[in-house]
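Let's take a walk through this structure and see how its parts fit together. Keep the 3D view open as you read.

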Amino acid sequence: MDGDGVILHVNGKDHRIASASRRLLLHVLRDDLGLKGARGACGIGVCGTCTVLVDGRAMSSCLMLAAQAEGREITTVEGLAEGEVLHPVQQAYLDHFAFQCAYCTPGFILSTIAMLDDDPFAEQDAIRGYLAGNLCRCGSYLNILRAAQAARDSRGQGAGAS
Amino acid sequence: MVIGRAVPMLDAGARVRGTLPYAANLRLPGMLHARILRSPYPHARIIRIEAGEAAALPGVAAIVTRDDFGPGGLNPVYGSARDETVVAIERVRFVGEPVALVAAETEEIAEAALELIRVEYQELPAVFDVFEAIKEGAPVLHPDFPANLLGHAKLRHGDLEAGFAQADEIIEETYTSPLAQQTALEQQVAIGQWREGQLRMWTATQSPFTVRREVAHVLGLDPARVQIIVPPLGGGFGGKGNVRTQPQAAVLAWKAGGRPVKLMLSREEEFVTVTKHAVTIHIKSGVRRDGRLTARQVEVHWNVGAYASSSKHLMSAGMLRCIGPYRIPNVKVDSYGVYTNLPTAAAYRGAMSSQGAWAHESHMDSISHRLGMDPLALRLQNILHDGDQFATGETVHDVHFVRCLEAVAAPIGWGEPFEREPAPHRRRGRGLAVMMKHTLSSSRSECALELDNTGRLTLYTSSVEMGQGAHTALAQICADELGLPIAAVAVSGPDTAVSPYDTQTASSRTAFMMGNAVRNGASALKDKLIELAAPLLGGSPEGLAAGHGLVFIQTSPDSCLPYAELLKRSGKGTLKAEGSFQTEGGIDPETGQGVATPHWHQGAGACEVEVDLDTGKVTVLRYHAAAFAGKVINPELARLQNDGNVIYGLGPTFMEQMVVDSGQILNANLSDYRIPSFLDLPSELGSALLESEGSQIHGLGEMTLPPVAPAIANGIYDAVGLRLPDLPITSEKVFRALVEGHDGR
Amino acid sequence: MNHDLLQPETRAEALAMLAEYGADAKILAGGTAVVLLLQQKLIAPSVLVHLGRIAGLDGIRHEDDGLHLGPMTLLRDIERSPLVDEHFPALARACGSVGNVRIRNQATIGGCLAEADYASDPPAMLLALEAEVRLEKAAGVRILPVKDFSLGFYSTALDPDELITDIRIPPLPASSRTGYLRFKARSSEDRPCLSVAAVADLENGACADLRVAIGAATEAPVRLTEVEGLARGRALDDGLISEVADRYALQVEAIEDLRASAWYRRQMIRVFVRRALEGLRDGDR
């Protein structure tokens, strides 16, 4: 392993990646690990399409060096479903038509998961405020709100244990 | 029946899993990464380019400069006006214009190579304002256009002077809308691969066949040797409707001689690649005391930017979108497209109707206030009904503007008293607006349907899926026509080698045009199925029918064959049929008279806004939108379009403006150029989809967007008595108007 | 990228690295600023010193001499800290206003102060709270009040070989109230046009102490101590509030940027200083 390598723990598995420590986490996820759910639409942490969970926190993978993610648990959208079974938040987005072009959708789904972990009873205003850092140009916000509320309501009913 | 049902998008699972195969995800063996060296000057002659050092950098595979073009080589010129080049040849005409192209093993190496390319420029005077550009002595961008005037579209209807003479009041105003950007989250991207004299390209575009034509032209190939494949887009909004980045990727791919080349723009580069036309609209109306419009004159100056792209067509389209859905006997419109040293403008969601409605709907309220009339009453007095004549001379049919207005006025509570002063420093008001837009008058859509012997149907279409649900809607039409479950229908394309011709996915035309092509194709397929079934069912084809997934004898439907079985028993693996649909039309270039459209797109919006007198900040409390859909194919996807358009429209209203200084874009990033976020939404947002028995499907991609800005401006006027003529409506502009006690006009 | 990435495991190691590389090194704390600047090629240090592996640089502790914030404490953690909410609730609000939740999950209070982004929220609040930064280099330690630390546009008193190792917020009398307001002129998700951080010690309705810091409107957050002094001993009534607001509007040298002109900022300073002080008077904690 070269001095520039990292070991990243992604979606429950360890990956050894050479020559990566100084590269953006976003690029390592997409190019080295083939995980394309995180996207880079703005390059400055504003749009949220690059969102990943790091130790359960929503972070902008376009603003992190891979080295900063070492030793931490990284979750991408690809790590949410279990085979055919979608994560409850993914299911809620599906059920509520909470996307159009879907470029922003993985970022929104991960942010919703992190939000409900932080604030399981988030009301509408809190949901809007938390998700305000994710941009959707197609304007699916209303259905996203419905999906987030549905995901919130189905937690603690056995359907949403995450 | 699947039409009318909220079927999830066919690939909804991939969308929530993050596995949708956007073009940017594509990785091919040996793929190279491209970067563009761009002009730092708005107008300059290129004296010399030296790329030798860059070419020698290890890891650089190909460099393209103007030296790669010329007689016997590649053709540098493309674009519908043939005025744009793959890289600048003799001079650059805007900051950001491509000057050289590099393909290298990694993006870092490509970036490093850019720094090694030496370009010597001789700066020329530049011009950025349309009125400066058309003046005598202004810097000339294109020798063929000495007055920088790309074109002048004209509409002449009735007798304007007579119309004004009949008026009791004449109102004359000027409105502006600034340079802005479509800002799809997915950036422009093209991946090209040259192999055995053919080019294959994967790209995010709304116009695969236009791209094919232009790329073929640049490479000097028969279009059949260029294959354009279009994966699902991460948004388009008009910005991907023209040829952008594909010629650059194609030429690099050719030069790289077989290795694929990926060109993907950074967010910053997006702002110098395609924009929304800045425009100044001068609008003058004559009106009688009772509210009847007698005349309207509009003079529009569109800021085309440095190259024409589709502006010639858009100028003419824009001419029709600055008038409004009104019965006006005398109309004169002059729509000018002016070249300036700014990045090239092209269609922006609503294509010119966003800017046009800003002007004509704000103006209608000014008229109503002059007359002391209710703004809704003024509109209803003049609004077009079925059988009326529009300014193009054509009779409008299937128009429901009254219903659109009522569908937004009612939920807002128009005319009812409401709390206007909730606090000493807050004022509320209500406003509304209505819009009308034509779709492409002449266009063609073709498709192919292929049924296999397991009963699965594949629809081959070059309609682009960009989140609007086009593929899903078309599959629903397919399923219903043939009586198949939606799960049995797959949609394939666009791939110009496989899916047939379509003009483009824009102008909200797909559900109507391609939908009709699909119907025709389904009908042709059913005919073939019947022909196949006749010998097996023992009857003549005339006595058979196809539907509900089978072919049956009409008089005794129990004698039937499901499609799959029919194919198997006929020894056929697949059965294929084609469908097409075309519309013709057009308007006279000197008078604007003729047939502008197969049918009219109609939308409206009404809002309640609150103005903070201390800060000028405007909050949209409530907004209701309506669009005429004719027939709704998928209510959930349709509602997403409708709501999405309103939200999109908040951008140009409040915050979207490219800030330019001496040709440099100062805010080319998503922190300084804002698009609407969750917190910008009104607390109450609703939209209605209007249908009518027997109506054609009317597209929904744009209609509830144009009314947003003028409805809000009209609400602000109702709240504080100030007319704001220049977008965006910032807190500072409102505050300044409040402080100065007038609109500063 | 062309820099070396160094990842010290202890504070001493980090200080030694900074002593060696000096101005050739750039400290990487949360990364939201530095990684962005590297991507945009606005900085090109030969060495990045990543602090993320060093234990004990984060944490919020309440002691007799006030609230201590470790420099690597995430803004999100300050935003949600019961300790901060108890003692300086407006600081929680200020930290919770920065960017978006992802930024706050990554950005650190030390990094935020060191970056001195004029539009950033926490520095103005820390100025009003009269916080002090503890700066350490291999050769020794010094303490600076925030007002002497934030110097101007992206500029601080931090020496190239120095680390922020602590931020101390002195305790306020029990009769104190704190407030933080920000104004976004364009989108609701924008960087602020203006922020006002206010602290008032109101004993029986009279100001024993008044502090008003303006942020996002000037090159560095600013207080007008002479104007603040006018409040001493007076009731925080409409008259005093107007006077303070007017003087701030007149005297603060507001900047012009994409979000607002200098003139508009001045007008908004008047509005939001007034609103902030009304908030304190009417019961903000």
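## Starting inside chain A

Let's begin with a small tally: domain 1 of chain A and domain 2 of chain A share three residue pairs in polar contact, with both partners at pLDDT 80 or more. That score comes up because what you're looking at is a predicted model. Strand β3 (residues 51-54) of chain A gives the most to the side of domain 1 of chain A that touches domain 2 of chain A, namely three residues. Sort that side by class and you get seven nonpolar, seven polar and one charged residues.

Where are these two domains? Domain 1 of chain A runs over 6-79, and domain 2 of chain A over 88-156. Their C-alpha centres sit 21 Å apart. At the contact, 15 residues of domain 1 of chain A meet 13 residues of domain 2 of chain A. Together the two domains bury about 1100 Å², with 64% of it on carbon and sulfur atoms. As for salt bridges between them, the count is zero.

## Meeting chain B

Now over to chain B, which has 18 helices and 34 strands. Its C-alpha trace spans about 80 × 75 × 50 Å along the principal axes. How does chain B, with 745 residues, match up with a compact globule? Such a globule would have a radius of gyration near 27 Å, and chain B has 27 Å, so the two agree.

Chain B is split into three pieces: domain 1 (15-124 + 188-264), domain 2 (275-440 + 588-740) and domain 3 (443-583). Look at how domain 2 of chain B is written as two stretches, 275-440 and 588-740.

## Where domains 2 and 3 of chain B touch

The C-alpha centres of domain 2 of chain B and domain 3 of chain B lie 39 Å apart. Still, 19 residues of domain 2 of chain B are in contact with 17 residues of domain 3 of chain B. About 1300 Å² gets buried between them, 61% of it on carbon and sulfur atoms. On the domain 2 side, B:Leu440, B:Ile633 and B:Ile697 supply 45% of the area buried against domain 3 of chain B, more than any other three residues.

What about polar links? There are zero salt bridges between these two domains, but six residue pairs in polar contact, both at pLDDT 80 or more. β20 (426-438) and α16 (635-654) of chain B each bring at least two residues to the domain 2 side. By class, that side has seven nonpolar, nine polar and three charged residues.

## Where the two chains meet

Time to put the chains together: the contact takes 54 residues from chain B and 48 residues from chain A. They bury about 4000 Å² between them, 62% of it on carbon and sulfur atoms. Which three residues of chain B supply more of its buried area against chain A than any other three? They're B:Val16, B:Arg17 and B:Phe678, with 22%.

One salt bridge turns up across this interface: the side chains of B:Glu656 and A:Arg137 meet at 2.8 Å, N to O. There are also 21 residue pairs in polar contact, both at pLDDT 80 or more. Both α1 (12-17) and α16 of chain B supply at least two residues of the side that touches chain A. The largest share, nine residues, comes from α16(B). Overall, this side of chain B divides into 28 nonpolar, 16 polar and ten charged residues.

Technical notes:
Residues numbered from 1 in each chain as written. Chains lettered and ligands numbered in written order. Predicted model: local features only at pLDDT ≥ 70, side-chain atom pairs only at ≥ 80, totals over all residues. Heavy atoms only, no water. Domains from an automatic or database assignment. Contact = heavy atoms within 4.5 Å. Buried area = accessible area lost by both parts, 1.4 Å probe. Salt bridge = Lys/Arg side-chain N within 4 Å of Asp/Glu carboxyl O. Polar contact = N/O pair within 3.5 Å; in protein donor to acceptor, adjacent residues only side chain to side chain. Helix = DSSP H or I, 4+ residues; strand = E, 2+ residues; numbered from the N terminus. Nonpolar A, V, L, I, M, F, W, Y, C, P; charged D, E, K, R; others polar. Rg over C-alpha atoms; globule rule 2.2 N^0.38 Å.
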